[in-house]
Amino acid sequence: MKPQRGKTPRKFPRQNSQPKDPVEVYCRIRPPDDPNIETCVKLLDERTVQISPSENSQAYKNGVYKETQYAFKYVFDEYVSQKAVFDTVASPLVEDLLRGKNGLMFTYGVTGSGKTYTMTGKPSDPGTLVRSLDMIFNSISSVQAKKYVFMPDKMNGYDVQTEADAMVERQKRDVMPRFDAPRTPATPKNSKKTEFGDAPRITDPSRVNDIEEDNNYAVFVSYIEIYNNYIYDLLEELPYDPITGYRAPNSKILREDGDRSMYVSNCTEVEVKSAEEAFDVLLKGQKRRKVAHTALNTESSRSHSVFNIRLVQAPLDPLGEEVLQDKSRVCSSQLALVDLAGSERLVRTNNVGDRLREAGNINQSLMALRACMDALRENQLLGANKMVPYRDSKLTHLFKNYFDGEGKVRMIVTVNPAAKEYDETVQVMRFAEVTQEVQVARPQQVQFDYGLAKGRRRMNQQYKEAMTKMGEEGSTSQKTLAYSMGPSFPALQLLDPSDESVIVPLIQFLAEREMRRNTLITDLNSKSRIHAQSLLDPSDESVIVPLIQFLAEREMRRNTLITDLNSKFDQFRAQLLKTEKENMDLRHRNDELENLLGKRDNSFERVEKKLRSLQKSHDQLERKNTQFENMKRELETELNEKDWKILREKSERERMKSEFKSKMVLTQQHMEDQLEKEKRKIEEEAEAQLWQRERTLQALKSIIDSNEIDTPTQPPAKAPRRGPAVAPKPRYMTSTIASRVQTKSDQDLRYTGRTPKPATRSGRTYGPKATERRAPSPPPKGSQPVYNPKAHRRSKSSHEVWLEHKPAGTIELDTVLQPNLRKKKSVSKLEVKDTMTASKYILQHQEQASDGEMQTKLYKANVVPTAGGGASVVFNDVETLRQISPGTRKRRSPQPKAEDFEGQWTDTEDRCAVALEGHATKRSKFSGV
Ligand SMILES: Nc1ncnc2c1ncn2[C@@H]1O[C@H](COP(=O)(O)OP(=O)(O)OP(=O)(O)O)[C@@H](O)[C@H]1O
């Protein structure tokens, strides 16, 4: 059965039904710095802690007084030992690692809460990381492969090579100095003392006993830190200049391998053969971390550090001698131990400049971690399909396979119980609460059964031991030799490539070993075949001949098979090479596509940003628009109110006006009555006076007549109305009265004659109300009606042809009453020829009246032919058409007087009263009249 590769988990779980386990979150409370200080954390039981807000905390100031309780997988109190923490949290992860499964453990908490202490600890009391190394090497010490049997292929995988090749590699790397590689100064012997003091390191005795014994193991460690969202390799050799010191390290990039697992490209992986060696590498990395931070002017405690332990294992060959030379059988598993930077918020750090940026980046990556946990939790619990923002930070991007794939994830939340840490501790607890709800697929059992005999290693060892024993006893038989691979590798040291004293014996040794190997295989083969025949008699040809035939045939078949196998092997090799090449091409293409994707992501972000700002401005504009609309509505309401007020005022004015008019009419009537009465009174008085005189005259006449002829005077037949009885008028008296009446009548006529003057000037007034026309007031009772001979004549004349001159720009006013011109010709520009056919001329002139209203004046004229063959236009009348708006109607102005028109008249005469003199053949001549 094909084994599963113990790579970092795949991006997508293979089966949805795969069982899942929640992320296990443990809490560790560190002892307070001062036992007398106020604390805010209380351990309720082995799974629950209670946090109470301190009076100085921000939460308390914001009104949060209640205690909160948080549950964990397990809570370690301040007295717990490092060993206990390791046994509970890290030991199962190490066990998984040895069985080919992946694991992730990280410490999370506020600065100074004990993250590094829990992870690394002190030599006298090491933390989980150091104890994990001890446990690994305790478990694999007897089954380790020789150094360089497994070689990192720089693509997150491992190559396998023979022990001979590994030895040559060892010679090359460890013995021969690398002149091209940059060298760092040698680590001082007492460097461990400077890091961890003088105390000897305590080793953890834990081990896993039942590991796959027919596998060979190798341990590789890498150490990186993530600082300001850049990845640095802490085991990279940094060039050292005695003057400028160490060169600043270059950041590394993340890549995805063929299994879509994330790894740090070009990261140094050191193969370690013991816990001590691994511990040295850890120290070296920590020292390098300090050096790098000095070069970068940064602080180490402000970065996330990741110590990666990779365990590579591959089965032994059928003889149990060497690792099977088959890369596909190599299984690697990894345990990432992450010491996160402090989780405090920006406000609390009081940082500025670089420190602020640093704190911001830490915050950003921790926030990204929180966001990922939130999204995962929602996806898993609520069935949401949220995109988990792994790419938001390098930290989450590197570990995305752990959350998306399979493997155990454990977190230790470290807590400083000091009351002043309350606000930050609550944040940490909340994150822990969320993280516990995230589920990760349970790692599947890795199969190491490849159909090879179990216990190969043990058998080989026993065989070797037996051979050694036999050698010691002096047995040199061929049989024994046939099963021996010969002596062990000679301890040769190749310091110079041309050193023949080493190379020649080495070649001889390898050649001899190859020969022995072939002999051994041949011998074994023949032995096994012969063993199958029951040869009772050595001369029994009935058995020997068929056996020889069988063997010959088998030999032949074997050769055919070998040839076939070799050709197949070559084909396979060629195919493999081709596939590898294609794979490389695909990787290359993948890298390109990733770059492109990154660029697209960037541009997408830019567009999103722009969209957001546009949306913002759009919202602002909409808000403004709403404000304007409200203002408009208010103004409209105000306007309506004002209109309403104006209407009310107008109707009031109308009412007053009609009242005033009726009063006027009444007064006028009253005055007319008075006048009538007066007149009658005067007439009666005059008649009485006449009668009196007549009586006197009659008396005189009678006196005279009595003297001459006695002729009696006759009284009048009928007395005048309301007057005293009046005698009939004598003839001469009648003429006197008639003259008086005539005089009165003349006065009336004079009055009447004054009135029409403006009437003839202004003519008729057209307007929306006939009552509003500016017509002359009716003549007093008894006077002659005004007679306009022109108007009368005009309406009757049917032979007249009017020349209507409407200058360009004249506005049609849709007036109801229009001049009635039966035969007319309208022109906008006056030509001589137009005057030839017309007998009347009318000019329209529009202007603004003194009250602001539009008024149209119609200047009328007769067209009189002249002796020269032209025509003379003689103006004789003006009509004014006015429009009075009901809203702007004013009190009627006094009757216009002739002088009012004087200026306009002159102006109009200047402009319009033109005599046209022209000849049919000659040029037209205009002359003013
Ligand atoms: N459980 C503990 N028992 C005893 N001492 C502890 C414990 N936890 C922490 N300390 C001590 O507290 C101090 C700060 O601890 P540590 O450096 O581990 O904090 P940290 O959380 O890693 O801080 P940073 O975020 O700065 O890395 C150290 O001196 C450490 O020895």
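Is Gly-112 buried, exposed or partly exposed? Gly-112 counts as partly exposed because 17 C-beta neighbours sit inside 10 Å. For this label, a residue is buried with 20 or more other C-beta atoms within 10 Å of its own, exposed with 12 or fewer, and partly exposed in between, with C-beta atoms placed from the backbone.

A quick word on what you're looking at. This is a predicted model, where local features need pLDDT of at least 70, side-chain atom pairs count only at pLDDT 80 or more, and totals for chains, interfaces and linings use all residues. Residues are numbered from 1 along each chain as its sequence is written.

**The whole chain**

The protein chain has 21 helices and 30 strands; helices (H or I, at least four residues) and strands (E, at least two) are DSSP runs, numbered from the N terminus. Of its 929 residues, 25% are buried.

**The annotated site**

Gly-112 sits in the loop between β7 and α3, and so does Thr-111, with β7 spanning 103-109 and α3 spanning 115-119. An unreviewed UniProt entry lists both under "binding site", along with others including Lys-115 and Thr-116. Such annotations may be inferred rather than shown by experiment.

**Loop residues side by side**

| Residue | Loop | C-beta neighbours within 10 Å |
|---|---|---|
| Asn-156 | between β10 (150-152) and β11 (158-160) | 23, buried |
| Asn-229 | between β12 (215-227) and β13 (230-233) | 18, partly exposed |

Phi is near 70 degrees for Asn-156, a positive value in a residue other than glycine. Asn-229 has a positive phi too, near 65 degrees. Most residues other than glycine have a negative phi.

**Two helices that meet**

Helix α2 (residues 82-98) and helix α4 (residues 128-140) have axes that come within 10 Å and cross at roughly 45 degrees. That makes α2 oblique to α4. Axes here are lines fitted to C-alpha atoms, for helices over the stretch in contact, with angles from 0 to 180 degrees between N-to-C directions; under 35 degrees is roughly parallel, over 145 roughly antiparallel, 65 to 115 roughly perpendicular, and the rest oblique.

Who makes the contact (C-beta atoms within 7 Å, placed from the backbone)? Among them are Val-85, Phe-86 and Leu-98 of α2, and Arg-131, Met-135 and Ile-136 of α4.

**A helical span**

The unreviewed UniProt entry also lists residues 562-641 and 665-692 as "coiled-coil region". Residues 665-692 are 100% helix and 0% strand, with end C-alpha atoms 39 Å apart.

Methods: Two residues are in contact if their C-beta atoms, placed from the backbone, lie within 7 Å.
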